[in-house]
Amino acid sequence: MRALLTIAPAYCLVFAYFAFPLSVALANTTLALTVLLACVRLTDAHARAELVQMLRNPVVLPAASLVLVMVVATLWSPADWSEFRDYLRKYFKLVLLPVFLFLLASAEMRKRCWQAFAVAMLFTLASTWLNVWFELPWSSTKNKGFGVDHTVFKDHISQGIMMAFFTCTALFWAVKSKATVGRALWIGVAVLAAASVLFLSVGRTGYLSLVLSVVVFAIVALACRPRMLGVVLGAGLLILVVVFASSSQFQQRTLQAWEEARNSSPSNVTSVGARVQVWHFSVQQIREHPWLGSGTGSYPVFAAAHFESPEMCATICPHPHNQFLFFLFELGLLGLLVFAWFLWAIVRQSFRHPPAHRALMLSFMAVMLVSNMTHSSFWLSTESHFFILFTALLMASAGLPTEQKQAA
(Lines give C-alpha, C1' and ligand atoms only; values in the text may rest on other atoms or scores of the structure.)
Protein backbone atom coordinates (compact mmCIF):
# COMPACT_ATOMS: atom_id res chain seq x y z
CA MET A 1 0.00 0.00 0.00
CA ARG A 2 2.83 2.38 0.89
CA ALA A 3 4.53 1.69 -2.46
CA LEU A 4 1.26 2.43 -4.29
CA LEU A 5 0.85 5.76 -2.49
CA THR A 6 4.41 6.64 -3.48
CA ILE A 7 3.92 6.18 -7.22
CA ALA A 8 0.19 7.00 -7.58
CA PRO A 9 0.47 10.83 -7.60
CA ALA A 10 3.34 10.73 -10.11
CA TYR A 11 1.38 8.51 -12.48
CA CYS A 12 -1.67 10.76 -12.12
CA LEU A 13 0.54 13.64 -13.20
CA VAL A 14 1.78 11.58 -16.14
CA PHE A 15 -1.84 11.09 -17.19
CA ALA A 16 -2.40 14.85 -16.90
CA TYR A 17 0.19 15.39 -19.65
CA PHE A 18 -1.92 13.15 -21.87
CA ALA A 19 -5.21 14.72 -20.75
CA PHE A 20 -4.70 18.47 -21.05
CA PRO A 21 -4.29 18.65 -24.87
CA LEU A 22 -7.56 16.72 -25.23
CA SER A 23 -9.96 17.82 -22.47
CA VAL A 24 -9.97 20.63 -19.91
CA ALA A 25 -12.38 18.74 -17.64
CA LEU A 26 -10.26 15.57 -17.71
CA ALA A 27 -7.09 17.61 -17.06
CA ASN A 28 -8.65 19.46 -14.12
CA THR A 29 -9.92 16.21 -12.58
CA THR A 30 -6.55 14.51 -13.04
CA LEU A 31 -4.61 17.44 -11.58
CA ALA A 32 -6.96 17.61 -8.57
CA LEU A 33 -6.41 13.89 -7.96
CA THR A 34 -2.66 14.39 -8.40
CA VAL A 35 -2.56 17.09 -5.73
CA LEU A 36 -4.78 15.08 -3.36
CA LEU A 37 -2.57 11.99 -3.63
CA ALA A 38 0.56 14.13 -3.34
CA CYS A 39 -0.77 15.52 -0.04
CA VAL A 40 -1.20 11.94 1.19
CA ARG A 41 2.35 11.12 0.13
CA LEU A 42 3.67 14.22 1.92
CA THR A 43 2.64 12.73 5.26
CA ASP A 44 6.01 10.97 4.96
CA ALA A 45 8.91 13.01 6.40
CA HIS A 46 11.32 12.01 3.61
CA ALA A 47 8.83 13.17 0.96
CA ARG A 48 8.44 16.51 2.75
CA ALA A 49 12.21 16.93 2.75
CA GLU A 50 12.25 16.33 -1.01
CA LEU A 51 9.49 18.90 -1.49
CA VAL A 52 11.47 21.47 0.50
CA GLN A 53 14.41 20.84 -1.83
CA MET A 54 12.17 21.67 -4.80
CA LEU A 55 11.47 25.10 -3.29
CA ARG A 56 15.02 25.99 -4.33
CA ASN A 57 14.19 25.48 -8.01
CA PRO A 58 14.84 28.82 -9.80
CA VAL A 59 11.28 29.07 -11.12
CA VAL A 60 9.44 28.58 -7.81
CA LEU A 61 10.14 31.94 -6.15
CA PRO A 62 9.06 34.11 -9.12
CA ALA A 63 5.94 31.97 -9.62
CA ALA A 64 4.98 32.27 -5.95
CA SER A 65 5.81 35.99 -5.98
CA LEU A 66 3.50 36.54 -8.94
CA VAL A 67 0.58 34.93 -7.09
CA LEU A 68 1.45 36.91 -3.96
CA VAL A 69 1.30 40.17 -5.93
CA MET A 70 -2.13 39.10 -7.24
CA VAL A 71 -3.38 38.47 -3.72
CA VAL A 72 -2.08 41.81 -2.42
CA ALA A 73 -3.49 43.65 -5.46
CA THR A 74 -7.02 42.63 -4.46
CA LEU A 75 -6.79 45.34 -1.77
CA TRP A 76 -7.24 48.19 -4.27
CA SER A 77 -9.31 46.42 -6.90
CA PRO A 78 -12.90 47.46 -7.81
CA ALA A 79 -13.78 43.80 -8.48
CA ASP A 80 -15.84 41.70 -6.07
CA TRP A 81 -14.95 38.48 -4.30
CA SER A 82 -16.38 36.22 -7.03
CA GLU A 83 -13.97 37.79 -9.52
CA PHE A 84 -11.03 37.34 -7.13
CA ARG A 85 -11.93 33.70 -6.59
CA ASP A 86 -12.09 33.09 -10.33
CA TYR A 87 -8.71 34.73 -10.90
CA LEU A 88 -6.94 32.90 -8.09
CA ARG A 89 -8.40 29.61 -9.32
CA LYS A 90 -6.99 30.26 -12.79
CA TYR A 91 -3.50 31.15 -11.56
CA PHE A 92 -3.35 28.69 -8.65
CA LYS A 93 -1.36 26.15 -10.69
CA LEU A 94 1.62 28.51 -10.33
CA VAL A 95 1.56 27.81 -6.58
CA LEU A 96 1.49 24.08 -7.31
CA LEU A 97 4.78 24.18 -9.24
CA PRO A 98 6.81 22.82 -6.28
CA VAL A 99 4.43 19.83 -6.07
CA PHE A 100 4.80 19.15 -9.80
CA LEU A 101 8.58 19.50 -9.56
CA PHE A 102 8.62 17.12 -6.58
CA LEU A 103 6.69 14.49 -8.55
CA LEU A 104 8.95 14.99 -11.60
CA ALA A 105 12.23 14.59 -9.72
CA SER A 106 12.61 11.11 -11.20
CA ALA A 107 14.03 10.99 -14.74
CA GLU A 108 11.76 8.01 -15.40
CA MET A 109 8.65 10.04 -14.54
CA ARG A 110 9.80 12.91 -16.75
CA LYS A 111 10.29 10.49 -19.61
CA ARG A 112 6.78 9.08 -19.13
CA CYS A 113 5.30 12.60 -19.12
CA TRP A 114 6.97 13.36 -22.45
CA GLN A 115 5.63 10.09 -23.81
CA ALA A 116 2.10 10.87 -22.56
CA PHE A 117 2.17 14.29 -24.22
CA ALA A 118 3.52 12.74 -27.43
CA VAL A 119 0.67 10.19 -27.53
CA ALA A 120 -1.91 12.95 -27.10
CA MET A 121 -0.34 15.12 -29.78
CA LEU A 122 0.12 12.22 -32.22
CA PHE A 123 -3.57 11.39 -31.78
CA THR A 124 -4.45 15.05 -32.37
CA LEU A 125 -2.17 15.19 -35.41
CA ALA A 126 -3.60 12.01 -36.93
CA SER A 127 -7.15 13.26 -36.28
CA THR A 128 -6.36 16.62 -37.89
CA TRP A 129 -5.21 14.96 -41.10
CA LEU A 130 -8.04 12.41 -41.09
CA ASN A 131 -10.44 15.36 -40.78
CA VAL A 132 -9.57 16.26 -44.35
CA TRP A 133 -11.36 13.13 -45.61
CA PHE A 134 -13.59 11.96 -42.73
CA GLU A 135 -15.95 13.49 -40.17
CA LEU A 136 -14.59 12.32 -36.83
CA PRO A 137 -17.12 12.19 -33.96
CA TRP A 138 -14.62 13.56 -31.41
CA SER A 139 -13.50 16.49 -33.56
CA SER A 140 -14.73 20.02 -32.78
CA THR A 141 -14.82 20.77 -36.54
CA LYS A 142 -16.71 18.72 -39.13
CA ASN A 143 -15.07 20.08 -42.28
CA LYS A 144 -13.72 18.08 -45.16
CA GLY A 145 -11.09 19.00 -47.71
CA PHE A 146 -8.24 21.48 -47.69
CA GLY A 147 -8.62 25.22 -47.25
CA VAL A 148 -10.76 24.94 -44.11
CA ASP A 149 -10.10 24.69 -40.39
CA HIS A 150 -9.54 21.19 -38.96
CA THR A 151 -9.22 21.90 -35.25
CA VAL A 152 -9.81 18.69 -33.30
CA PHE A 153 -9.81 19.65 -29.62
CA LYS A 154 -10.64 22.90 -27.79
CA ASP A 155 -9.84 25.81 -30.17
CA HIS A 156 -7.46 26.58 -33.03
CA ILE A 157 -5.25 28.84 -30.88
CA SER A 158 -4.43 26.29 -28.18
CA GLN A 159 -4.05 23.46 -30.69
CA GLY A 160 -1.82 25.64 -32.87
CA ILE A 161 0.62 26.61 -30.12
CA MET A 162 0.84 23.07 -28.75
CA MET A 163 1.38 21.65 -32.25
CA ALA A 164 4.08 24.27 -32.87
CA PHE A 165 5.93 23.14 -29.75
CA PHE A 166 5.34 19.48 -30.64
CA THR A 167 7.04 20.19 -33.98
CA CYS A 168 10.15 21.35 -32.11
CA THR A 169 9.87 18.39 -29.73
CA ALA A 170 9.86 16.01 -32.70
CA LEU A 171 12.92 17.79 -34.11
CA PHE A 172 14.61 17.44 -30.72
CA TRP A 173 13.91 13.70 -30.65
CA ALA A 174 15.21 13.45 -34.23
CA VAL A 175 18.45 15.13 -33.17
CA LYS A 176 18.79 12.85 -30.12
CA SER A 177 17.93 9.65 -31.99
CA LYS A 178 20.89 7.35 -32.61
CA ALA A 179 19.05 5.25 -35.21
CA THR A 180 18.57 6.46 -38.78
CA VAL A 181 15.04 5.06 -38.89
CA GLY A 182 14.09 6.83 -35.66
CA ARG A 183 15.56 10.09 -36.92
CA ALA A 184 13.63 9.85 -40.18
CA LEU A 185 10.36 9.02 -38.37
CA TRP A 186 10.60 12.02 -36.04
CA ILE A 187 11.51 14.36 -38.89
CA GLY A 188 8.46 13.06 -40.73
CA VAL A 189 6.28 13.75 -37.66
CA ALA A 190 7.73 17.27 -37.42
CA VAL A 191 6.90 17.94 -41.08
CA LEU A 192 3.33 16.66 -40.69
CA ALA A 193 2.85 18.68 -37.49
CA ALA A 194 4.15 21.88 -39.10
CA ALA A 195 2.02 21.31 -42.20
CA SER A 196 -1.08 20.77 -40.04
CA VAL A 197 -0.56 24.21 -38.49
CA LEU A 198 0.09 25.98 -41.80
CA PHE A 199 -2.43 24.18 -44.04
CA LEU A 200 -5.15 22.79 -41.76
CA SER A 201 -5.62 25.56 -39.20
CA VAL A 202 -6.82 29.16 -39.18
CA GLY A 203 -4.85 30.08 -36.05
CA ARG A 204 -2.52 33.01 -36.69
CA THR A 205 -1.01 32.54 -33.24
CA GLY A 206 -0.11 29.03 -34.35
CA TYR A 207 1.55 30.35 -37.52
CA LEU A 208 3.68 32.84 -35.58
CA SER A 209 4.49 30.32 -32.84
CA LEU A 210 5.57 27.70 -35.35
CA VAL A 211 7.79 30.00 -37.41
CA LEU A 212 9.49 31.66 -34.43
CA SER A 213 9.96 28.47 -32.39
CA VAL A 214 11.45 26.50 -35.30
CA VAL A 215 13.78 29.40 -36.17
CA VAL A 216 14.90 29.63 -32.52
CA PHE A 217 15.38 25.86 -32.34
CA ALA A 218 17.51 25.86 -35.51
CA ILE A 219 19.65 28.83 -34.44
CA VAL A 220 20.38 27.44 -30.98
CA ALA A 221 20.86 23.80 -32.03
CA LEU A 222 23.17 24.72 -34.92
CA ALA A 223 24.95 27.70 -33.35
CA CYS A 224 28.28 25.83 -33.45
CA ARG A 225 27.80 24.92 -37.14
CA PRO A 226 27.30 28.29 -38.91
CA ARG A 227 27.49 26.87 -42.43
CA MET A 228 24.80 24.27 -41.72
CA LEU A 229 22.74 26.93 -39.94
CA GLY A 230 22.89 29.17 -43.01
CA VAL A 231 21.73 26.32 -45.24
CA VAL A 232 18.88 25.40 -42.87
CA LEU A 233 17.67 29.00 -42.48
CA GLY A 234 17.88 29.59 -46.23
CA ALA A 235 15.93 26.41 -46.95
CA GLY A 236 13.44 27.33 -44.23
CA LEU A 237 12.85 30.77 -45.75
CA LEU A 238 12.30 29.21 -49.18
CA ILE A 239 9.86 26.68 -47.71
CA LEU A 240 7.99 29.47 -45.90
CA VAL A 241 7.61 31.43 -49.15
CA VAL A 242 6.33 28.33 -50.96
CA VAL A 243 3.92 27.55 -48.11
CA PHE A 244 2.60 31.11 -48.06
CA ALA A 245 2.00 30.94 -51.80
CA SER A 246 0.35 27.52 -51.67
CA SER A 247 -1.65 27.66 -48.42
CA SER A 248 -4.84 29.65 -48.96
CA GLN A 249 -5.50 29.68 -45.21
CA PHE A 250 -2.01 30.93 -44.28
CA GLN A 251 -2.14 33.60 -46.98
CA GLN A 252 -5.72 34.72 -46.40
CA ARG A 253 -5.48 34.85 -42.60
CA THR A 254 -2.18 36.76 -42.70
CA LEU A 255 -3.48 39.38 -45.12
CA GLN A 256 -6.76 39.55 -43.22
CA ALA A 257 -4.86 40.43 -40.03
CA TRP A 258 -3.31 43.44 -41.74
CA GLU A 259 -6.69 44.63 -43.04
CA GLU A 260 -8.36 44.16 -39.65
CA ALA A 261 -5.62 46.17 -37.94
CA ARG A 262 -5.90 49.00 -40.51
CA ASN A 263 -9.69 49.19 -40.26
CA SER A 264 -9.92 48.86 -36.49
CA SER A 265 -12.72 50.85 -34.81
CA PRO A 266 -14.95 50.48 -31.72
CA SER A 267 -17.90 49.55 -33.92
CA ASN A 268 -16.08 47.10 -36.21
CA VAL A 269 -15.65 43.81 -34.33
CA THR A 270 -12.83 41.71 -35.80
CA SER A 271 -10.19 39.51 -34.22
CA VAL A 272 -7.20 41.80 -34.75
CA GLY A 273 -9.26 44.99 -34.72
CA ALA A 274 -10.66 44.16 -31.28
CA ARG A 275 -7.12 43.59 -30.01
CA VAL A 276 -6.04 46.98 -31.32
CA GLN A 277 -8.97 48.64 -29.53
CA VAL A 278 -8.28 46.92 -26.24
CA TRP A 279 -4.59 47.79 -26.43
CA HIS A 280 -5.47 51.48 -26.87
CA PHE A 281 -7.88 51.31 -23.93
CA SER A 282 -5.39 49.43 -21.72
CA VAL A 283 -2.57 51.89 -22.36
CA GLN A 284 -4.81 54.78 -21.29
CA GLN A 285 -5.79 53.00 -18.07
CA ILE A 286 -2.22 51.90 -17.29
CA ARG A 287 -1.08 55.53 -17.38
CA GLU A 288 -3.34 56.24 -14.40
CA HIS A 289 -1.92 53.41 -12.25
CA PRO A 290 1.48 52.52 -13.72
CA TRP A 291 3.29 51.10 -10.67
CA LEU A 292 0.81 48.85 -8.84
CA GLY A 293 -1.94 48.60 -11.46
CA SER A 294 -5.70 48.86 -11.04
CA GLY A 295 -5.96 45.71 -8.94
CA THR A 296 -6.60 42.00 -9.45
CA GLY A 297 -9.77 41.42 -11.45
CA SER A 298 -10.08 45.08 -12.40
CA TYR A 299 -9.73 44.65 -16.17
CA PRO A 300 -13.22 43.16 -16.81
CA VAL A 301 -14.79 45.85 -14.61
CA PHE A 302 -13.18 48.78 -16.45
CA ALA A 303 -13.51 47.16 -19.88
CA ALA A 304 -17.26 46.58 -19.44
CA ALA A 305 -17.69 50.24 -18.48
CA HIS A 306 -15.60 51.47 -21.43
CA PHE A 307 -16.83 49.40 -24.39
CA GLU A 308 -20.46 50.16 -25.19
CA SER A 309 -20.90 47.69 -28.04
CA PRO A 310 -22.17 44.32 -26.70
CA GLU A 311 -20.47 42.52 -29.59
CA MET A 312 -17.13 44.19 -28.89
CA CYS A 313 -17.44 43.63 -25.15
CA ALA A 314 -18.25 39.94 -25.62
CA THR A 315 -14.93 39.59 -27.43
CA ILE A 316 -12.55 41.61 -25.27
CA CYS A 317 -14.13 42.38 -21.89
CA PRO A 318 -13.22 39.01 -20.26
CA HIS A 319 -9.48 39.46 -20.97
CA PRO A 320 -7.30 41.74 -23.17
CA HIS A 321 -5.78 38.99 -25.37
CA ASN A 322 -2.29 39.91 -24.18
CA GLN A 323 -0.93 38.45 -20.93
CA PHE A 324 1.82 41.08 -20.59
CA LEU A 325 -0.75 43.85 -20.93
CA PHE A 326 -3.08 41.97 -18.58
CA PHE A 327 -0.50 41.90 -15.78
CA LEU A 328 0.56 45.50 -16.44
CA PHE A 329 -3.08 46.65 -16.32
CA GLU A 330 -3.98 44.86 -13.10
CA LEU A 331 -0.65 44.46 -11.26
CA GLY A 332 1.29 47.40 -12.67
CA LEU A 333 4.98 47.49 -13.47
CA LEU A 334 5.66 45.44 -10.34
CA GLY A 335 3.56 42.53 -11.61
CA LEU A 336 5.04 42.74 -15.09
CA LEU A 337 8.59 42.65 -13.69
CA VAL A 338 7.77 39.59 -11.57
CA PHE A 339 6.34 37.86 -14.65
CA ALA A 340 9.53 38.76 -16.56
CA TRP A 341 11.52 37.26 -13.66
CA PHE A 342 9.51 34.03 -14.06
CA LEU A 343 10.29 33.90 -17.79
CA TRP A 344 13.95 34.75 -17.25
CA ALA A 345 14.34 31.88 -14.76
CA ILE A 346 13.44 29.42 -17.55
CA VAL A 347 15.68 31.12 -20.13
CA ARG A 348 18.62 31.21 -17.72
CA GLN A 349 18.19 27.53 -16.88
CA SER A 350 18.24 26.62 -20.59
CA PHE A 351 21.87 27.78 -20.84
CA ARG A 352 22.90 25.16 -18.28
CA HIS A 353 21.92 22.37 -20.68
CA PRO A 354 23.55 20.96 -23.84
CA PRO A 355 22.65 22.72 -27.15
CA ALA A 356 19.83 20.39 -28.21
CA HIS A 357 18.02 20.62 -24.86
CA ARG A 358 18.69 24.36 -24.74
CA ALA A 359 17.14 24.67 -28.21
CA LEU A 360 14.02 22.84 -27.02
CA MET A 361 13.64 25.04 -23.93
CA LEU A 362 14.14 28.26 -25.87
CA SER A 363 11.71 27.14 -28.58
CA PHE A 364 9.19 26.61 -25.76
CA MET A 365 9.92 30.16 -24.61
CA ALA A 366 9.38 31.41 -28.17
CA VAL A 367 5.92 29.80 -28.21
CA MET A 368 5.20 31.27 -24.77
CA LEU A 369 6.24 34.74 -25.93
CA VAL A 370 4.08 34.69 -29.07
CA SER A 371 1.08 33.18 -27.31
CA ASN A 372 1.15 35.64 -24.43
CA MET A 373 1.61 38.59 -26.77
CA THR A 374 -1.57 37.67 -28.66
CA HIS A 375 -3.61 35.89 -25.97
CA SER A 376 -4.00 35.83 -22.18
CA SER A 377 -2.49 32.37 -22.01
CA PHE A 378 -1.96 32.04 -18.26
CA TRP A 379 -5.57 33.09 -17.71
CA LEU A 380 -7.05 30.58 -20.18
CA SER A 381 -7.41 26.95 -19.09
CA THR A 382 -5.81 24.81 -21.80
CA GLU A 383 -2.96 27.23 -22.47
CA SER A 384 -2.18 27.71 -18.78
CA HIS A 385 -2.12 23.91 -18.36
CA PHE A 386 0.33 23.70 -21.23
CA PHE A 387 2.68 26.46 -20.13
CA ILE A 388 2.72 25.67 -16.41
CA LEU A 389 3.02 21.89 -16.77
CA PHE A 390 5.81 22.22 -19.33
CA THR A 391 7.57 24.81 -17.22
CA ALA A 392 7.59 22.16 -14.50
CA LEU A 393 8.76 19.41 -16.85
CA LEU A 394 11.53 21.47 -18.42
CA MET A 395 12.71 22.85 -15.08
CA ALA A 396 12.37 19.62 -13.06
CA SER A 397 16.07 18.73 -13.24
CA ALA A 398 17.24 22.20 -12.13
CA GLY A 399 19.20 22.01 -8.91
CA LEU A 400 19.23 18.21 -8.83
CA PRO A 401 22.51 16.27 -8.69
CA THR A 402 24.30 16.08 -12.02
CA GLU A 403 23.82 12.34 -12.40
CA GLN A 404 20.04 12.82 -12.24
CA LYS A 405 19.94 15.46 -14.96
CA GLN A 406 18.70 14.01 -18.19
CA ALA A 407 17.36 15.73 -21.26
CA ALA A 408 13.78 15.21 -22.34
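This exchange covers the salt bridges of a predicted model.

Colleague: What should be known about the model and its numbering?
Modeller: The model is predicted, so local features need pLDDT of at least 70 and side-chain atom pairs count only at pLDDT 80 or more, while totals for chains, interfaces and linings use all residues. Residues are numbered from 1 along each chain as its sequence is written, and side-chain values use heavy atoms, leaving out hydrogens and water.

Colleague: How many salt bridges does the structure hold?
Modeller: Four. The term requires a side-chain nitrogen of Lys or Arg within 4 Å of a carboxyl oxygen of Asp or Glu.

Colleague: What makes the contact of Glu 50 with Arg 41 a salt bridge?
Modeller: The closest N and O atoms are 3.9 Å apart, and the limit is 4 Å, so the pair qualifies.

Colleague: Why is Arg 41 called buried?
Modeller: Its relative accessible area is 18%. Buried means under 20%, exposed over 50% and partly exposed in between (1.4 Å probe, protein chains only), so the label follows. Glu 50, at 24%, is partly exposed.

Colleague: How do you know that Arg 89 and Asp 86 are separated by about one helical turn?
Modeller: They are three residues apart in helix α5 (residues 81–91); a helix is a DSSP run of H or I with at least four residues, numbered from the N terminus. Their salt bridge has an N to O distance of 2.4 Å. Arg 89 counts as exposed at 54%, and Asp 86 as partly exposed at 22%.

Colleague: What makes Arg 112 and Glu 108 a salt bridge?
Modeller: The N to O distance is 3.0 Å, which is within 4 Å, so the definition is met. Both residues lie in helix α7 (residues 107–130), four residues apart.

Conventions. Helix = DSSP H or I, 4+ residues; strand = E, 2+ residues; numbered from the N terminus.
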